[in-house]
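Student: I keep meeting labels such as "buried" and "oblique". Can we go through a structure and test each label against its rule?

Tutor: Yes, let us begin.

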Amino acid sequence: MKLTLHEIAKVVGAKNDVTAYEDVAINQIEFDSRKITAGDRLFATKRCAWWAWFIQTAFDNGALATFTEKELPADQVHILVDDALEAFQKLAAYYLEKTEVDVIAVTGSNGKTTTKDMIHDILATTYRTYKTQGNYNNEIGLPYTALHMPDDTEKIVLEMGQDHMGDIHLLSNLAKPKTAVVTLIGEAHLEFFGSRDKIAQGKMQMQDGMPDGSLLLVPCDPIVDPFLPSNLEVVRFGDGAELTVSELTEYKDHLTFSTKFLTDKLPCQSLENTMPQMPWLLPMSQNTCVTVENILSALANLQLTKKPYRMEKSG
C-alpha cells in the first residue's frame, strides 16, 4: 500500500485538520494492535470498551497514526471519522480503484474458498496475482485483503461471504469486480434468510457493484433465475447448462473428469465439492487469456487454503 496521511484523510472525509501533521507515507494498515510494529503503519479499529487501550497499544508499538471516532491528544496523530470501519472500507475501495487492479470475486454457499484458490493459481501462471488470505471474506477481511495486496498486483481474487442480506451488496460495491463466480446456492445461514430463495437473492447481489458488461458465472439452478441481471454477460454452468462436468470418477488420490475443453487428473483434496462448478474454467480462461496448458499446470499443483483460525462468513 502506497498512500500518504493527507491522502487517506481526504479519502475518508476526516473531521479534523490533519494538515497540522506531516504528510508521511503510510504503507500498511492493521486492525489488530498486536500486529503494529514501528514504522509506516496506520491503526484502524471500531470504538469499543477497550478502544482507548487498543489505540494506546498501537502507538506504543510504533503506529504512525490511527483512525478514531473520538478526539485524541494532539501529540497522537489521528484521523477523526464518524465510523472507523466505514473509513477502512472506503479507503480499500479507493485503493482498488487507484491501482486499477483487475478484481475477480467468488461467493457461494459451498466451495468458494477452493474456487478462489483455483482461480488464483490459474491466473498466477500468467499474471501477478493476489488472493484473500485464509478466509478473510467479510466486511473487515475483504478491505484488509485489498489494502495488503503487493504493489505490483495485476489481478486480485476476493472471496465474499454472507450471513445476512446485504453483505454481498456491500462487498461487491466496495470491490467492483469485473468477473465473478457464484458457486452454488445452498442452505448456509438459513436461519437468517428464511428460505433458499432469499439466500439466492443475497448471493446474486454480487451483480450490484459490477460494471456493465462484466462477466458473471452462475449455476444453472432455477432458483437464481429471478435475479439474473440484464446488464452483464451471464454464463450458466452445471447440469442442464452448456458448460458442465461429465465422466466424473473419484479414485483414492485423484479425480478424473471431462469438460467441454479439457480432461485431467486432479488431487482429491476436497475438490469433490467444487467439481460441479468446474466449467467456469472455460469462460474464465477465455476472459483472461490464460492458456489451457497453464490451466492444467495450475490444477495439477494446486495450493489450497489451510484452515486455522479464520475471519469468515461460511455462507
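Tutor: This is a predicted model. Of the 315 residues of the chain, 54% count as buried.

Student: What makes a residue count as buried?

Tutor: Its relative accessible area must be under 20%. Take His 120, in helix H4 (residues 112-123). His 120 has 15% relative accessibility, so it counts as buried.

Student: Which residues does His 120 touch?

Tutor: Leaving out residues up to four places away in sequence, His 120 touches Thr 129, Tyr 130, Lys 131 and Val 157. Touching here means heavy atoms within 4.5 Å.

Student: Why is Cys 289 called exposed?

Tutor: Exposed means over 50%. Cys 289 has 61% relative accessibility, so the label is exposed.

Student: And what makes Cys 220 partly exposed?

Tutor: Cys 220 has 30% relative accessibility. Buried needs under 20% and exposed needs over 50%. The value 30% falls in between, so Cys 220 is partly exposed.

Student: How many disulfides does the chain have?

Tutor: The count comes to zero. To count, a pair of cysteine sulfur atoms must lie within 2.5 Å. A disulfide is a covalent bond between the sulfur atoms of two cysteines.

Student: Now the secondary structure. How many helices and strands are there?

Tutor: There are ten helices and 15 strands. One open sheet has four strands in the order S3-S4-S5-S6, with parallel pairing.

Student: What makes strand S3 (28-30) and strand S6 (78-80) the edge strands?

Tutor: Each of them pairs on one side only. Neighbouring strands of this sheet are turned by 25° against each other on average, direction ignored.

Student: How do you know that S5 and S6 pair?

Tutor: Pairing needs at least two bridges. Strand S5 (residues 65-68) and S6 have three bridges, so they pair, and in the parallel sense. Thr 66 has His 78 in S6 as its bridge partner. Thr 68 stands opposite Leu 80 in S6.

Student: And how do you know that S4 and S5 pair?

Tutor: S4 and S5 have two bridges. The rule asks for at least two, so S4 and S5 pair. The sense is again parallel. In S5, Thr 66 is the bridge partner of Phe 43.

Student: What makes both faces of S5 covered?

Tutor: Look at the side chains on each side. Ala 65 and Phe 67 on one side are buried, and so are Thr 66 and Thr 68 on the other.

Student: Which helices pack on this sheet?

Tutor: Helix H1 (residues 5-12) packs on the sheet, touching strand S4 (41-43), S5 and S6. The direction of H1 makes about 15° with that of S6. Helix H3 (residues 84-99) also packs on the sheet, touching S3 and S5. The direction of H3 makes about 120° with that of S5.

Student: At what angle do H3 and helix H6 (residues 167-175) pack?

Tutor: The angle is about 40°, and the axes are 8 Å apart.

Student: Why is H3 called oblique to H6?

Tutor: Roughly parallel needs under 35 degrees, and roughly perpendicular needs 65 to 115. An angle of about 40° fits neither. Roughly antiparallel needs over 145, so that is ruled out too. Therefore H3 is oblique to H6.

Student: Which residues meet there?

Tutor: Gln 89, Ala 92, Ala 93 and Leu 96 in H3 meet Leu 170, Leu 174 and Ala 175 in H6.

Definitions and conventions:
Residues are numbered from 1 along each chain as its sequence is written. This is a predicted model: local features need pLDDT of at least 70, side-chain atom pairs count only at pLDDT 80 or more; totals for chains, interfaces and linings use all residues. Side-chain values use heavy atoms; hydrogens and water are left out. Buried means under 20% relative accessible area, exposed over 50%, partly exposed in between (1.4 Å probe, protein chains only). Axes are lines fitted to C-alpha atoms, for helices over the stretch in contact, and angles run from 0 to 180 degrees between N-to-C directions.
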